[in-house]
Amino acid sequence: MLVTLICENRLYGVLLPEKVRGQYWLEDKEKEIQSSGRRLLGIEAENGIWKITAGKKIKLYNPGDTDQVSCLVLEIGKMYMVQLADGRQGYIFTEPYTRDRCTFRKYWMRKSMTVNIGSGENNQIMIASPYVSSIHAQLVFSGTDWVIHDCHSTNGIYIDEKRVRQSARLHPGNVLYIMGVKIVLGDRFLAINNPDGIVSFQSEVLREYRSAEVVEYEPPDEITTPIYYRSPGFRREITALELKIDPPTMPQRPDETPLALSLAPSLVMGVASFSSGLITVSTTLSSGGSIVKVLPTLLMSLSMLAGMVLFPFIIRRGDRKRKVIREQERREKYGRL
């Protein structure tokens, strides 16, 4: 059930579910009526019916009755009078929530035309409702602009839920509400719903938009002429590409071995060889021999001593230079890693 509270300046609506259960509220979200709160009227389910109970400073009246009642039992298609807490009067309009209220038909407009809306038979848009005046409104389209005029209607015209007093300039996208009938304005067209089939039109004025009929394609039984040429399909396998990335080399570290440990073995062997040569020379001279005979032995001992002492220094210096060169090459290739 659609429940609409029609006030002097605005509409407030709520959609009640088909299953009668729970409690719902007609709310003033912009607080135009009540500055202290948003809830205007409460609708509560009880024993399979929807009802509105009179609250503080709220007065309710049944249709066609001037006596105040404590609660209203809502029935579809009725209009109930209500007096809100601030003293303003309004009407509660109930209608069923059906598919035709959500279905809109599109009608084309001429370059410039005037459309009368009302319950009378001479209107271009006729609404067969007791709540719609004989000539309710007049819609004027000038080719680019829309203007709506209220023809002193009883229940008023609402644009986007706001009341239009006399006239108002409209734009594509605005929604015109007249007692359950909604008219959506577009660019050179109107979209109108038809709740309960109460809306009718003059076909010579408003032309309904009809989409082109869809013709199903039936393929022929046999194709005699080639329609297209299919190129041969090539199937290629994806070759996996393997990439091997070598890790960067470690930085060259200097040799931290003490010099004494590096020279100790060579120095021991050199001293031993030199001592052996001296012993040989001393033995030969003490026995009356000539020094010439032991000269080769003495030279061999001296050369071994010199080689074993000097060569470690030369090798250590060469290794130091090679490490410096390798470290420079590593930094150029990998950066400072």
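**View 1. Strand β11 with its partners β23 and β21.** Welcome to the first close-up, where Y107 has E208 of β23 as its bridge partner. Strand β11 and strand β23 (residues 207-208) run antiparallel and are joined by two bridges; two strands pair if DSSP finds at least two bridges between them. Strands themselves are DSSP runs of E with at least two residues, helices are runs of H or I with at least four, and both are numbered from the N terminus. β11 (residues 104-108) also runs antiparallel to strand β21 (residues 189-193), with five bridges between them. Here W108 stands opposite F189 of β21. A word on the model before moving on: it is predicted, so local features need pLDDT of at least 70 and side-chain atom pairs count only at pLDDT 80 or more, while totals for chains, interfaces and linings use all residues. Residues are numbered from 1 along each chain as its sequence is written, and side-chain values use heavy atoms, with hydrogens and water left out.

**View 2. The whole protein, for orientation.** Take a moment to get your bearings: the secondary structure comprises two helices and 23 strands. Of the 337 residues in the protein, 32% are buried, where buried means under 20% relative accessible area, exposed means over 50%, and partly exposed is in between (1.4 Å probe, protein chains only). The accessible surface comes to about 23300 Å², and carbon and sulfur atoms hold 53% of that surface; such areas come from the Shrake-Rupley method with a 1.4 Å probe, and for residues only the protein chains shown count as cover. Among contacts with a separation of 6 or more, 48% are between residues 24 or more positions apart, a contact being heavy atoms within 4.5 Å.

**View 3. Strand β15 between β14 and β18.** Strand β15 (residues 146-150) is largely enclosed by the rest of the structure, because four of its five residues are buried. Strand β14 (residues 137-141) pairs with β15 in the antiparallel sense over five bridges, and one of the matched pairs is A137 with D150 in β15. Four residues lie between the two strands of this hairpin, where G143 takes a positive phi near 110°. β15 also pairs with strand β18 (residues 167-170), again in the antiparallel sense, over four bridges. In that pairing, V147 stands opposite R169 in β18. As you follow the strands, remember that in a regular strand the side chains alternate between the two faces of the sheet.

**View 4. An open sheet of six strands.** Follow the strands in the order β2-β1-β10-β9-β6-β7, with antiparallel pairing. At the edges are β2 (11-15) and β7 (68-69), each pairing on one side only. Strand β6 (residues 59-61) meets β7 in the antiparallel sense over two bridges, and L60 stands opposite V69 in β7.

**View 5. The surroundings of L72.** L72 is found in strand β8 (residues 71-73). With a relative accessible area of 0%, L72 is buried. Leaving aside residues up to four places away in sequence, L72 touches W50, K51, I52, L60, Y61, N62, Y80 and I92. The C-alpha atom of Y61, eleven residues from L72 along the chain, is 7.5 Å from that of L72.

**View 6. The largest pocket.** This open space holds about 570 Å³. On a 1 Å grid over the protein atoms alone, a pocket is an open set of points where a 1.4 Å probe fits, with protein on both sides within 12 Å along at least five of seven lines, and lining residues have an atom within 4 Å of a point. Of the 25 lining residues, T4, Y12, G13, E161 and K182 are the closest to the centre of the pocket. β1 (2-6), β2, β3 (23-27) and β19 (175-178) each supply at least two residues of the lining, and β2 gives the most, with five.

**View 7. Two loop residues with positive phi, N47 and R188.** Most residues other than glycine have a negative phi. N47 is not a glycine, yet its phi is positive, about 55°. N47 sits in the loop between β4 (39-46) and β5 (49-53) and is exposed, with a relative accessible area of 76%. R188, also not a glycine, has a positive phi of about 70°. R188 lies in the loop between β20 (181-185) and β21, and at 37% relative accessibility R188 counts as partly exposed.

Notes:
Points joined across faces, edges and corners; volume = space filled by probe spheres on them.
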